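Please walk through this protein with its sequence and its three-dimensional model side by side.

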Amino acid sequence: MLKGVMALKYSNIEHDTPSIVDIKRNYHLIYKASQIACKAVINENLYQLADAVRISYEAQLDEGMNQLLEADNCIAQKYCGGGWGGYALYLFSSNSDREKFIDHNTQVIPIEPFMNNCL
């Protein structure tokens, strides 16, 4: 079972999705990330999922997005949605690492998988 924990951080950058539709995107890299993510979920492999998130972030940086804040022991991070501001996802392998990140940064909130709320 995937056991990662996540946090969201606001980037302090507003974004306007319609204004970015003409930006060149590396669809090969985006597709590669999605294929790895699919396999990670099937295999229930957190570190494979982290690879997919890192590849997606690489594509975002190649598009010209600003680098995100680094987080100690974060296994992967990326902008949410279309990127270019808004929120960023941070993936951790332990609750304690995520809590340290939340405690030391403003505008960061923990997020939980939907299934954790159903039990």
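What follows goes from the sheet to the helices, then to the core and the cysteines.

The coordinates come from a predicted model, and the sheet is a convenient place to begin reading them. Four strands form an open sheet in the order β2-β3-β1-β4, with antiparallel pairing. At the edges stand β2 and β4, the latter spanning residues 108-111, and each of these two strands pairs on one side only. From one strand to the next, the twist averages 25°.

Within this sheet, the pairing can be followed strand by strand. β1 and β3 run antiparallel and are joined by six bridges, while β2 and β3 also pair in the antiparallel sense, over five bridges. Leu 91 in β3 is a useful residue to locate on the model, since it can be approached from both neighbouring strands: Met 6 stands opposite Leu 91, and Leu 91 is also the bridge partner of Ala 76. Although β2 is an edge strand, it is mostly covered, with six of its six residues buried.

Two helices can then be placed against these strands. Helix α2, residues 46-62, lies across β2 and β3 and runs at about 40° to β2, whereas α3 lies across β1, β3 and β4 and runs at about 15° to β1.

In soluble globular proteins, nonpolar side chains tend to be buried together. Here the largest nonpolar core has 14 residues, and those touching the most other members are Ala 7, Leu 68, Ala 71, Tyr 90, Phe 92 and Phe 101. Two or more residues of this core come from each of β1 (5-10), β2 (74-79), β3 (87-92) and α3 (95-103), with β3 giving the most, three residues. Leu 68 deserves a closer look: leaving aside its neighbours within four places in sequence, Leu 68 is in contact with Tyr 57, Gln 77, Lys 78, Tyr 79, Ala 88 and Tyr 90.

The cysteines remain to be considered, and the question is how many disulfides the model contains. The count comes to zero, because a disulfide requires a pair of cysteine sulfur atoms within 2.5 Å. For Cys 38, the nearest cysteine sulfur is that of Cys 80, at 20 Å, and for Cys 74 the nearest is again that of Cys 80, at 12 Å. The surroundings of these residues can be read from their accessibility: Cys 38 counts as partly exposed because its relative accessibility is 43%, while Cys 74, with a relative accessible area of 18%, is buried.

How values were computed. Residues are numbered from 1 along each chain as its sequence is written. This is a predicted model: local features need pLDDT of at least 70, side-chain atom pairs count only at pLDDT 80 or more; totals for chains, interfaces and linings use all residues. Side-chain values use heavy atoms; hydrogens and water are left out. Buried means under 20% relative accessible area, exposed over 50%, partly exposed in between (1.4 Å probe, protein chains only). A nonpolar core is a set of buried Ala, Val, Leu, Ile, Met, Phe, Trp, Tyr and Cys residues joined through side-chain atoms within 4.5 Å. Contact means heavy atoms within 4.5 Å. Two strands pair if DSSP finds at least two bridges between them. Axes are lines fitted to C-alpha atoms, for helices over the stretch in contact, and angles run from 0 to 180 degrees between N-to-C directions.
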